[in-house]
Amino acid sequence: MRTTTIDKLFMLCRSHLYGNDIPEGESYEEDLDYQELKKMIKENSLSAFMYKAIKEYNDHNKSIPEEEIEKYGSVVRSVMFRELTKNHGIKIICQEAEKSGIRLVFFKGILLADLYPQYAERTSSDSDILVSEEQKEEAEKILIKCGYVKNEEHSKVHVQVYVNEGLNHVVELHTRLWEDYTGPRIDILSSIELSCPQTDIRTTACGLEVNTLGYEKHLVYQLFHIIKHFSLEGIGIRYLIDTTLFVNRYFDDIDFDLFWKHMDMLGYTKFVEAFFAICIKELRMTDRVYEKHAYTLDHSVDDLKMDLLRVGITKDKVASWQIMGAMEAYFTGEAKAAKAGFRRRLSMVFPSLDALPKTYLYARKYPILLPFAWIHRAIKYLIRRKDHKEEFFSVGEKIDVGDRRISLMDELGLLNND
């Protein structure tokens with residue numbers, strides 16, 4: 001049977017993770033659509049991770065010009081060097097925090113990178129650090145001392161953003177794991193207490209001793225983070241790799257009875273079942289995650305897989321922040337989604353008070369101002385549309401993208417419906 005580019009992408013992922021999964025024979029004889037594969041790799045932020053597997057594949061197949069491989073290698077060396085530089089920045093921050101008695105808790109980032117064949121293969125845009133509200137001011141002083149400058153524009157109430165231009169390193173200093181989000185699901189996350197001195201652990205990651213979340217709680221957080229990005233903009237298959245590596249490494253340390261209980265509480269169960277199914281089939285994650293857990297899988301698994309591969313991209317335009325305002329209230333559980341059809345599409349243009357983006361808090365406070373918020377939103381859209389021109393969604397495209405995202409969220413059990 002002829003393999004697709006998607007099949008080969010996962011085959012190459014497995015090859016790099018386990019070292020022996022590129023089959024001999026027919027697969028080598030088939031042509032590899034390198035341009036399509038390269039596009040997928042770039043969109044999924046897998047350039048550094050995939051380089052060794054592609055080079056080894058090409059040593060057998062010779063389907064990619066050597067100059068392409070050399071060019072690819074040059075890019076990867078630059079990317080991995082940046083990751084090593086960021087790690088140096090974290091080391092300096094940790095040393096200063098230890099001296100000052102400041103308790104920093106690391107999550108995602110270096111904890112997941114440590115699971116990769118080489119930690120610099122997992123590229124990231126920033127480093128996430130949790131600190132208590134009481135020690136936040138002292139932690140900020142440490143960042144400034146280490147050469148980091150606050151980015152006021154992108155900082156939030158519970159997430160302070162700092163940038164070290166020399167190290168090309170961004171730090172997000174959190175006082176809450178779920179940032180500034182509010183809503184019923186966030187209240188549940190708060191009740192789970194994902195981080196506290198009694199359940200946090202001390203471990204070594206990327207050569208550094210750090211505090212991090214307990215194993216089960218880190219996995220709960222990972223799924224929250226995955227679902228956040230999936231709901232608001234779309235995610236790539238790197239999240240499958242992160243989860244597979246984490247579960248396979250720490251399976252015996254994770255209380256899966258408690259994990260599935262937390263997924264049920266959050267309304268994440270169906271999504272996680274589908275997500276895990278892809279990890280098991282494509283990346284050899286252990287299927288023991290389903291022990292003592294009854295589940296039913298349907299076509300939503302394939303729909304999720306294709307959405308992951310496309311990273312939420314529609315018509316070659318990135319959904320991202322353009323639809324975030326429309327999706328946030330559904331992700332947090334504040335708003336109920338109308339049933340598919342005209343009513344749902346109309347709600348994208350004229351959202352209810354519950355579904356209204358947080359930008360328009362004045363309307364939530366004074367409901368009589370809701371029509372003014374709709375007008376305000378339309379004016380902002382027209383200004384952005386003028387600035388972004390063809391790179392920006394038209395009204396019709398914006399509604400289509402939002403409707404499809406809500407439909408997929410509904411299919412995966414992530415919505416409260418009317």
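The loop between helix 12 and helix 13 holds Lys292, and in this predicted model that residue has a phi near 65°, a positive value in a residue other than glycine. Is Lys292 buried or exposed? With a relative accessible area of 78%, Lys292 lies above the 50% limit and therefore counts as exposed.

Beyond that loop comes helix 13, which covers residues 300-310 and in which Ser300, Val301, Leu304, Lys305, Asp307, Leu308 and Leu309 are buried. The buried set thus includes Lys305 and Asp307 beside residues such as Val301 and Leu304. The spacing within such a set can be read against the geometry of the element: an α-helix has 3.6 residues a turn, so residues three or four places apart point the same way. The cover over the buried residues of helix 13 comes from several elements, including helix 1, helix 3 (34-43), helix 9 (215-232), helix 10, helix 12 (269-283) and helix 18 (395-411). Helix 13 is followed by Val311, whose phi is again positive, near 55°.

Two of the covering helices, helix 1 and helix 10, also pack against each other. Helix 1 spans residues 5-18 and helix 10 spans residues 238-250, and they pack at an angle of about 35° with their axes 12 Å apart, in a crossing that is right-handed. From helix 1, the residues Phe10, Cys13, Leu17 and Tyr18 meet Leu240, Ile241, Thr244, Leu245 and Asn248 of helix 10. By character, the residues of this contact divide into seven nonpolar, two polar and no charged.

From this contact the reader may turn to Ile54, a residue of helix 4 (residues 47-61). Ile54 has a relative accessibility of 1%, which is why it counts as buried. Apart from residues up to four places away in sequence, Ile54 touches Leu12, Tyr34, Leu37, Ile41, Ile64, Ile69 and Tyr72. One of these partners, Ile69, stands 15 residues from Ile54 along the chain, and the C-alpha atoms of the two are separated by 8.5 Å.

Where does Ile54 stand within the largest nonpolar core? That core has 99 residues, and Ile54 is among the members that touch the most other members, together with Met50, Phe256, Phe259, Phe271, Phe275 and Phe276. A second, separate core of 25 residues includes Ile102, Ala113, Leu143 and Leu208. As a general background to both, in soluble globular proteins nonpolar side chains tend to be buried together.

Leu208 of the second core leads to strand 7, which covers residues 208-212. Why can strand 7 be called largely enclosed by the rest of the structure? Four of its five residues are buried, so the strand is largely enclosed in that sense. Strand 7 runs antiparallel to strand 6 (residues 201-205), and five bridges join the two; within this pairing, Thr204 stands opposite Glu209 in strand 7.

The hairpin of strand 6 and strand 7 has two residues between the strands. Cys206 lies in this loop and has a positive phi of about 55° although it is not a glycine. Cys206 has a relative accessible area of 7%, under the 20% limit, and is therefore buried. Lys292, with which this account began, likewise has a positive phi without being a glycine, yet Lys292 is exposed, whereas Cys206 is buried.

Key. Residues are numbered from 1 along each chain as its sequence is written. This is a predicted model: local features need pLDDT of at least 70, side-chain atom pairs count only at pLDDT 80 or more; totals for chains, interfaces and linings use all residues. Side-chain values use heavy atoms; hydrogens and water are left out. Buried means under 20% relative accessible area, exposed over 50%, partly exposed in between (1.4 Å probe, protein chains only). Two strands pair if DSSP finds at least two bridges between them. Contact means heavy atoms within 4.5 Å. A nonpolar core is a set of buried Ala, Val, Leu, Ile, Met, Phe, Trp, Tyr and Cys residues joined through side-chain atoms within 4.5 Å. Axes are lines fitted to C-alpha atoms, for helices over the stretch in contact, and angles run from 0 to 180 degrees between N-to-C directions. A crossing is left-handed if the near helix is turned anticlockwise from the far one by less than a right angle, and right-handed if clockwise. Ala, Val, Leu, Ile, Met, Phe, Trp, Tyr, Cys and Pro count as nonpolar, Asp, Glu, Lys and Arg as charged, and the others, Gly among them, as polar.
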